[in-house]
Amino acid sequence: YRAMRLYLSSYRIGECAHQLLALLGGKKRACIISNALDFLPDDKRQEYTADVYDPKQEFAAPGIAADELDLRAHFYGQNSLGIVLHNYDLIWVTGGNAFLLMRAMVQSGFDVVIRMMLAEDAIVYGGFSAGAVVATPTLRGIDTMDDPTQIADGYSTAPVWDGLGLVDFSIVPHFRSDHPEAPLAEN
């Protein structure tokens, strides 16, 4: 049995980028999944990327080439997601709504593909906030921070309460931090 290579953070890459680079072992291709933000209209999402957080820019500093991957392009059995993901060394999953993100993962088959790739030690899974929360066995309790009924076009309306189960504990991002959602993490 091999340990999975996981890098889970409360907010962005954080202060341990050297550990993420060590997990990558010199490999430098990242795939960014930001479906947790699909509830935002396109113009607001572009503003967010320009003014708040651009993961491509964050990865450029340590020399990691990053592409965006929209899981919606693989909804409903496209069966191409595994082929696409094998082109990358790191999957980086951003924050937003964990329930929306988990729906995208299930509807695209990402949940199955990532478990297989991690078991084969073929990839590193990294993420922050919602991207870390979905690595857990359950999203129960995170509904104090994220709305389980929030959806976007093309998404199933039923909340997915099971996480990916990559770790056997729950993650509460932003707990006792200076993040604006920190008070919600106290619940």
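In strand β5, V124, G126 and F128 point one way and Y125 and G127 the other, and all of these residues are buried. In a regular strand the side chains alternate between the two faces of the sheet. The structure described here is a predicted model. Within that model, β5 spans residues 124-128 and is mostly covered, with 5 of its 5 residues counted as buried.

Strand β5 has pairing partners in β1 and β4. With β1, comprising residues 6-9, the pairing is in the parallel sense and extends over 4 bridges. With β4, comprising residues 90-93, β5 likewise runs parallel, and 4 bridges join the two strands. Residue G126 of β5 occurs in the register of both pairings: Y7 stands opposite G126, and W92 also stands opposite G126. The residue that faces Y7 and W92 in this way is itself buried.

The protein chain as a whole contains 8 helices and 5 strands. Read from the N terminus, its elements follow the order β-α-β-α-α-β-α-β-α-α-β-α-α. The chain has 187 residues, of which 45% count as buried. Its exposed surface amounts to about 9200 Å², and carbon and sulfur atoms supply 52% of that area. Among contacts between residues at least 6 apart in sequence, 81% join residues at least 24 apart.

The count of salt bridges comes to 5. Among the residues involved, D38, R45, D70 and R72 are linked in a network of salt bridges. Within this network, R45 forms a salt bridge with D38, and the closest N and O atoms of the pair are 2.4 Å apart. R45 has a relative accessible area of 17% and is therefore buried, the limit being under 20%. D38 also counts as buried, because its relative accessibility is 6%.

D38 forms a further salt bridge with R72, for which the closest N and O atoms are 3.2 Å apart. This pair links distant parts of the chain, with the two positions 34 residues apart in sequence numbering. D38 lies in the loop between β2 (29-33) and α2 (42-51), whereas R72 lies in the loop between β3 (65-68) and α4 (81-85). In contrast to the buried D38, R72 counts as partly exposed, because its relative accessibility is 32%.

R72 is also engaged by D70, and the closest N and O atoms of this salt bridge are 2.8 Å apart. D70 has a relative accessible area of 32% and is therefore partly exposed. The network thus includes the buried residues R45 and D38 together with the partly exposed residues R72 and D70.

A search of the whole structure for cavities of 30 Å³ or more finds 2. The second largest of these holds about 30 Å³ of space. Its lining is formed by I13, A17, L20, L21, F59, P62 and I64. Helix α1, which covers residues 17-24, supplies the largest share of this lining, contributing 3 residues.

Technical notes
Residues numbered from 1 in each chain as written. Predicted model: local features only at pLDDT ≥ 70, side-chain atom pairs only at ≥ 80, totals over all residues. Heavy atoms only, no water. Buried < 20%, exposed > 50% of the residue type's maximum accessible area, 1.4 Å probe, protein only. Contact = heavy atoms within 4.5 Å. Areas by Shrake-Rupley, 256 points an atom, 1.4 Å probe, with all protein chains shown as cover. Salt bridge = Lys/Arg side-chain N within 4 Å of Asp/Glu carboxyl O. Pairing = 2+ DSSP bridges. 1 Å grid on protein atoms, 1.4 Å probe; cavity = no way out; pocket = protein on both sides within 12 Å on 5 of 7 lines; lining within 4 Å. Points joined across faces, edges and corners; volume = space filled by probe spheres on them.
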